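Student: I would like to learn how to read a structural model one feature at a time. Could we begin with a single residue and work outwards?

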Amino acid sequence: MSAGAPAQPGTPDPAAIPPAPPGYPPYQGTAEPKKKRGLLIAAIALVVIMVLCVGGGVVAFLTLRNAETGEGAKEPAVAVDEFLTAVYKDRDVTKAASRVCAASRDDEKIAAKVAEVQKYASTYQNPRFRWTTPKVDNQTGDRATVSTRLTMTTSDEKVADQDLRFTVVQKTGWWVCEVA
C-alpha cells in the first residue's frame with residue numbers, strides 16, 4: 001500500500017480517532033487526621049487523678065467517720081461512772097454522748113434516755129438517782145464488762161432498783177459501747 005492509499009474498509013483512520021481525554025489524578029481518599037497523642041495522654045492522666053482523689057476522699061470518710069474524738073476515761077469503771085453522771089445527774093445529752101464509743105453513738109437514743117430521766121423528774125416527787133460503785137466483772141485486753149445497780153428514790157419514799165451491765169472498750173481511753 002502506498003502512503004496516500006485509502007485505508008481498508010473496517011479499519012478506522014488513525015487521524016480520525018480523537019485523542020484520549022487528559023487523565024484524572026488518582027483518588028486520594030480522605031486525609032487521615034493527625035494523631036493527637038499528647039491530648040489523649042493528658043485526658044487519661046486527668047481521669048486517673050480524679051479517680052484517685054475521689055477514691056481517697058471516700059476511703060478517708062469511711063475510715064474517720066467512726067473515729068473517737070477526744071480522750072476516753074482512764075479506767076472502765078470511770079467511763080461508766082461518767083456516763084451515768086451525765087445521764088442521771090447532769091441530764092446532759094452532749095456530755096453523755098461524749099462518753100459513748102463512736103460505733104454505738106446514736107444521739108437520738110441518748111437524747112431519748114435523757115428525756116426519759118427528765119420525765120421521771122417531772123412525774124415523781126424529787127427523784128434522786130444513785131448507783132453502786134461500778135465494778136469491772138471481766139476485762140480482756142481492750143474490752144471490759146462493768147456492772148452497777150442504779151437506784152431511784154423519791155421524796156415520798158418510793159424506791160426502784162435496776163441492775164445495769166455495760167460493755168466498755170479501749171481505744172483512746174475507755175468508752176461505753178453497750179448498756180444491758
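Student: Leaving aside its neighbours within four places in sequence, which residues is Glu-178 in contact with?

Tutor: Keep in mind that this is a predicted model. Apart from residues within four places of it in sequence, Glu-178 is in contact with Arg-165, Phe-166 and Thr-167. Glu-178 belongs to strand β5, which covers residues 174–179, and its C-alpha atom is separated by 5.5 Å from that of Phe-166, a residue 12 places away along the chain.

Student: Is Glu-178 buried, exposed or partly exposed?

Tutor: Glu-178 is partly exposed, because its relative accessible area of 45% falls between the limits of 20% for buried and 50% for exposed. For the chain as a whole, 24% of the 180 residues count as buried.

Student: Which elements make up the chain, and in what pattern do they follow one another?

Tutor: The protein chain has four helices and five strands, and read along the sequence they give the pattern α-α-α-α-β-β-β-β-β. Among contacts with a separation of 6 or more, 51% are between residues 24 or more positions apart.

Student: How should I read empty space in the model, and what lines the largest pocket?

Tutor: The general idea is that rolling a probe the size of a water molecule over the atoms shows where empty space is left. Here the largest pocket holds about 370 Å³ of space, and of its 17 lining residues, Phe-83, Lys-109, Ile-110, Lys-113 and Val-179 lie nearest its centre. The elements that each give two or more residues to this lining are α2 (76–89), α4 (107–123), β4 (159–170) and β5.

Student: Which residues make the nonpolar surface patch that includes Ile-44?

Tutor: Leu-40, Ile-44, Val-48 and Leu-52 make a nonpolar surface patch of about 400 Å². Ile-44 lies in helix α1, residues 37–64, and is partly exposed, with a relative accessible area of 48%.

Student: What should I look for in the backbone angle phi?

Tutor: Most residues other than glycine have a negative phi, so a positive value is worth a second look. Asn-126 has a positive phi, near 45 degrees, and lies in the loop between α4 and β1 (128–131). Glu-157, also not a glycine, has a positive phi of about 65 degrees and is found in the loop between β3 (143–153) and β4.

Student: Why does Glu-157 count as exposed?

Tutor: Glu-157 counts as exposed because its relative accessibility of 71% is over the 50% limit. Asn-126 is exposed as well, with a relative accessible area of 51%.

Technical notes: Residues numbered from 1 in each chain as written. Predicted model: local features only at pLDDT ≥ 70, side-chain atom pairs only at ≥ 80, totals over all residues. Heavy atoms only, no water. Buried < 20%, exposed > 50% of the residue type's maximum accessible area, 1.4 Å probe, protein only. Contact = heavy atoms within 4.5 Å. Patch = residues over 30% accessible without salt bridge, like charges linked within 9 Å, V, L, I, M, F, W, Y side chains within 5 Å. Areas by Shrake-Rupley, 256 points an atom, 1.4 Å probe, with all protein chains shown as cover. Salt bridge = Lys/Arg side-chain N within 4 Å of Asp/Glu carboxyl O. 1 Å grid on protein atoms, 1.4 Å probe; cavity = no way out; pocket = protein on both sides within 12 Å on 5 of 7 lines; lining within 4 Å. Points joined across faces, edges and corners; volume = space filled by probe spheres on them.
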